[in-house]
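Good morning, and thank you for making time for this item. I would ask you to keep the structure open in your viewer while I speak.

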Amino acid sequence: MSLNMLCQDYADRHWQALLAGGTHARCLFLDPAGTAIQTREAEEGFLSGQLAALTKLNLETLLRVRERLPVELRTRLELATYDETLRFNIVLVDDQCVAQPYLTDSRGVDSPAFVIRRDAHRSGLYQVFEQFFESHWQRGKAL
């Protein structure tokens with residue numbers, strides 16, 4: 001939804017070093033102006049606009065990081081939004097996945113997180129979450 005781990009816990013200079021070193025990142029945010037985030041705010045008991053403001057701030061953080069990159073590196077940080085019912089927070093890095101479900105009446109940070117490794121046969125839960133992310137990415141709105 002807001003990608004707090006990537007936006008608040010990781011300094012701009014670290015993002016710039018990663019991207020300059022060859023990392024390619026795709027970050028998909030719940031649309032801060034959409035209806036799905038309003039639904040999530042109600043589910044978590046937040047005042048209207050609170051999660052939207054946090055998500056917008058995080059999105060602007062990565063937009064700033066990308067804008068400060070040399071032009072030839074900017075395509076390494078892809079950003080998009082989507083406006084659908086929130087199901088999971090998914091972070092895929094190389095052959096590992098951290099998936100956290102969004103549960104009704106439970107704050108995101110209170111939900112369990114699962115660490116999943118890609119298996120050698122390319123089957124299992126890693127591929128399920130990878131496909132879930134890819135399908136949402138394809139429907140997202142690029143920024």
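D94 sits in the loop between strand 3 and strand 4. In this predicted model, D94 has a positive phi of about 55°, although D94 is not a glycine. Most residues other than glycine have a negative phi. Is D94 buried or exposed? Its relative accessible area is 69%, and because the threshold for exposed is over 50%, D94 counts as exposed.

A second residue belongs beside it. L3, in the segment before helix 1, also takes a positive phi without being a glycine, with a value near 55°. Here the surroundings are of the opposite kind: L3 is buried, at a relative accessible area of 9%.

A word on confidence. The average pLDDT of the protein chain is 93, and 99% of the residues score at least 70. Confidence is lowest in helix 1, residues 4–7, with a mean of 88. It is highest in strand 2, residues 77–82, where the mean is 98.

Strand 2 is also the place of T81. T81 has a relative accessible area of 6% and is therefore buried. What does T81 touch, leaving aside residues up to four places away in sequence? Its contacts are L28, F29, D31, P32, L59, G140, K141 and L143.

For contrast, please find T104, in the loop between strand 4 and strand 5, the latter being residues 114–117. T104 has a relative accessibility of 56% and so counts as exposed. With residues up to four places away in sequence again set aside, T104 touches R40 and E43. The C-alpha atoms of T104 and R87 are 9.7 Å apart, and the two residues are separated by 17 positions in sequence.

R40 brings me to helix 3, residues 35–44, where R40 is one of the buried residues together with A36, I37, E41 and E44. Why do these residues lie on the same side of helix 3? They do so because they cover an arc of only 145° around the axis. T35 and A42, on the other side of helix 3, are exposed. The buried residues pack against strand 1, residues 25–30, and helix 4, residues 50–68. After helix 3 comes G45, with a positive phi near 80°.

Helix 2 can be read in a similar manner. Its buried residues are D12, W15 and L19. Viewed down the axis of helix 2, these residues fall within an arc of 60°, so they line one face of the helix. The face turned away from that buried side carries the exposed residues R13 and A20. Among the elements covering the buried residues of helix 2 are helix 1, strand 1, helix 4 and strand 2. Helix 2 is followed by G22, whose phi is positive and near 115°.

I turn now to the pockets. Rolling a probe the size of a water molecule over the atoms shows where empty space is left. The largest pocket holds about 790 Å³ of space. It is lined by 31 residues, and those closest to its centre are L6, R26, V91, L92 and V93. Which elements each supply at least two residues of this lining? They are helix 1, helix 2, strand 1, strand 3 and helix 5, the last of these being residues 125–139. By class, the lining of the largest pocket comprises 20 nonpolar, five polar and six charged residues.

The second largest pocket contains about 400 Å³ of space. Of its 18 lining residues, N4, N89, Q100, Y102 and V109 are the closest to the centre. Helix 1, helix 4, strand 3 and strand 4 each give at least two residues to the lining of the second largest pocket. Which element gives the most to that lining? Strand 3 does, with three residues. The lining of the second largest pocket divides into 11 nonpolar, five polar and two charged residues.

To close, let me return to two elements. Helix 1 and strand 3 each supply at least two lining residues to the largest pocket, and each also supplies at least two to the second largest pocket. Helix 1 is where confidence is lowest, at a mean of 88. Strand 3 leads into the loop with which I began, the one that holds D94. Thank you for your attention.

Note on methods
Residues are numbered from 1 along each chain as its sequence is written. This is a predicted model: local features need pLDDT of at least 70, side-chain atom pairs count only at pLDDT 80 or more; totals for chains, interfaces and linings use all residues. Side-chain values use heavy atoms; hydrogens and water are left out. pLDDT is the predictor's confidence in each residue, from 0 to 100. Helices (H or I, at least four residues) and strands (E, at least two) are DSSP runs, numbered from the N terminus. Buried means under 20% relative accessible area, exposed over 50%, partly exposed in between (1.4 Å probe, protein chains only). The arc is that of the directions from the helix axis to the C-beta atoms. Contact means heavy atoms within 4.5 Å. On a 1 Å grid over the protein atoms alone, a cavity is a set of points where a 1.4 Å probe fits but cannot get out, and a pocket is an open set with protein on both sides within 12 Å along at least five of seven lines; lining residues have an atom within 4 Å of a point. Grid points are joined across faces, edges and corners, and a volume is the space filled by probe spheres set on the points. Ala, Val, Leu, Ile, Met, Phe, Trp, Tyr, Cys and Pro count as nonpolar, Asp, Glu, Lys and Arg as charged, and the others, Gly among them, as polar.
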